[in-house]
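Work through the following exercises with the sequence and the coordinates at hand. Each task is followed by a solution in steps.

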Amino acid sequence: AVDGDTIDIIMDGTNEKVRLIGVDTPETHKPNTPVQCFGLLAADYTKTHLEHKNVRLESDPINQNRDRYGRLLRYVYLEDGTLWNAELIRQGYGHALTAFPFTKVTEFQTYETEAREANRGLWNACQ
């Protein structure tokens with residue numbers, strides 16, 4: 001994992017960076033930006049659950065294929081079917097990123113509201 005919402009994968013023998021659709025975790029590697037509250041915890045959470053694991057990637061029909069940094073934009077599913085993008089929001093490691101269109105926007109906003117109301121993760125730890 002690069003950070004909480006961006007991962008490195010090997011796909012068909014090629015290294016790719018994947019940016020998770022619809023979720024934003026606190027920054028850990030942004031130039032000229034200090035590490036944000038809960039950023040390292042979000043990065044560790046993603047790393048712990050995804051490193052050396054097989055995942056299934058899915059694009060979104062109304063989102064673009066790659067972002068301006070050349071990263072693939074994808075939903076990431078664990079082998080047990082868990083949608084990792086949603087899990088990060090549900091557990092309070094990130095918030096719904098609604099600046100770009102995607103089909104699960106309402107679902108992700110609901111998870112964010114539930115996490116905030118339950119004071120999970122960054123909603124409890126950060127101001």
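A residue is called buried when its relative accessible area is under 20%, exposed when that area is over 50%, and partly exposed in between. The model used here is predicted.

**Exercise 1. Overall make-up**

Task: State how many helices and strands the chain has, in which sequence they occur, and how compact the chain is.

Solution. Begin with the count: the chain holds 4 helices and 6 strands. Read from the N terminus, these elements follow the pattern β-β-β-α-β-β-α-β-α-α. The radius of gyration is 14 Å, close to the 14 Å from the globule rule for 127 residues, so the chain is as compact as a globular protein of that length. The C-alpha trace spans about 40 × 30 × 30 Å along its principal axes. Of the 127 residues, 43% are buried. Finally, take the contacts between residues at least 6 apart in sequence: 56% of them join residues at least 24 apart.

**Exercise 2. Asp-5**

Task: Decide whether Asp-5 is buried or exposed, and list what surrounds this residue.

Solution. Locate Asp-5 first: this residue sits in the segment before β1, which covers 6-11. Its relative accessible area is 3%. The cut-off for buried is under 20%, so Asp-5 is buried. Next, look at the side chain of Asp-5, which makes a polar contact of 3.1 Å with the side chain of Thr-6. Beyond the neighbours within four places in sequence, Asp-5 is in contact with Val-18, Arg-19, Leu-20, Val-23, Asp-24 and Thr-25.

**Exercise 3. The sheet**

Task: Give the strand order of the sheet formed by 4 strands, and name its edge strands.

Solution. The 4 strands form an open sheet in the order β1-β2-β5-β4, with mixed pairing. The edge strands are β1 and β4 (56-58), each of which pairs on one side only. Neighbouring strands of the sheet are turned against each other by 55° on average, direction ignored.

Now examine the two pairings of β5. With β2, the pairing is parallel over 3 bridges, and Leu-20 has Arg-74 of β5 as its bridge partner. With β4, strand β5 (residues 72-77) pairs in the antiparallel sense, also over 3 bridges. Here the bridge partner of Glu-58 is Tyr-75 in β5.

**Exercise 4. β5 and the nonpolar core**

Task: Determine how many residues of β5 are buried, and which element gives the most to the largest nonpolar core.

Solution. In a regular strand, side chains alternate between the two faces of the sheet. Sort β5 accordingly: Leu-72, Arg-74 and Val-76 lie on one side, and Leu-73, Tyr-75 and Tyr-77 on the other. All of these are buried, and both faces are therefore covered. The count is 6 of 6 residues.

Turn to the core. In soluble globular proteins, nonpolar side chains tend to be buried together. The largest nonpolar core of this chain has 28 residues, and those with the most contacts inside it are Ile-7, Leu-20, Tyr-75, Val-76, Trp-84, Leu-88 and Phe-108. Two or more residues come from each of β1, β2 (14-20), α1 (39-50), β5, α2 (84-90) and α3 (105-117). The element that gives the most is β5, with 5 residues.

Take Val-76 as a case. Not counting residues up to four places away in sequence, Val-76 touches, among others, Ile-7, Val-18, Leu-20, Leu-50, Val-55, Leu-57, Leu-83 and Trp-84.

**Exercise 5. Three loop residues**

Task: Classify Ile-62, His-52 and Asn-119 as buried, partly exposed or exposed.

Solution. Ile-62 is in the loop between β4 and β5. With a relative accessible area of 47%, Ile-62 is partly exposed. Leaving aside neighbours within four places in sequence, Ile-62 is in contact with Pro-101, Phe-102 and Thr-103. Ile-62 and Pro-101 are 39 residues apart in sequence, while their C-alpha atoms are 6.4 Å apart in space.

His-52 belongs to the loop between α1 and β4. Its relative accessibility is 79%, so His-52 counts as exposed. The phi of His-52 is near 60°, a positive value in a residue other than glycine.

Asn-119 lies in the loop between α3 and α4 (122-125). At 44% relative accessibility, Asn-119 counts as partly exposed. Asn-119 is not a glycine, yet has a positive phi of about 55°.

Definitions and conventions
Residues are numbered from 1 along each chain as its sequence is written. This is a predicted model: local features need pLDDT of at least 70, side-chain atom pairs count only at pLDDT 80 or more; totals for chains, interfaces and linings use all residues. Side-chain values use heavy atoms; hydrogens and water are left out. Buried means under 20% relative accessible area, exposed over 50%, partly exposed in between (1.4 Å probe, protein chains only). A polar contact is a pair of N or O atoms within 3.5 Å; within protein, one must be able to donate a hydrogen and the other to accept it, and residues adjacent in sequence count only if both atoms are side-chain atoms. Contact means heavy atoms within 4.5 Å. Two strands pair if DSSP finds at least two bridges between them. Axes are lines fitted to C-alpha atoms, for helices over the stretch in contact, and angles run from 0 to 180 degrees between N-to-C directions. A nonpolar core is a set of buried Ala, Val, Leu, Ile, Met, Phe, Trp, Tyr and Cys residues joined through side-chain atoms within 4.5 Å. The radius of gyration is taken over C-alpha atoms; the globule rule is 2.2 Å times the number of residues to the power 0.38.
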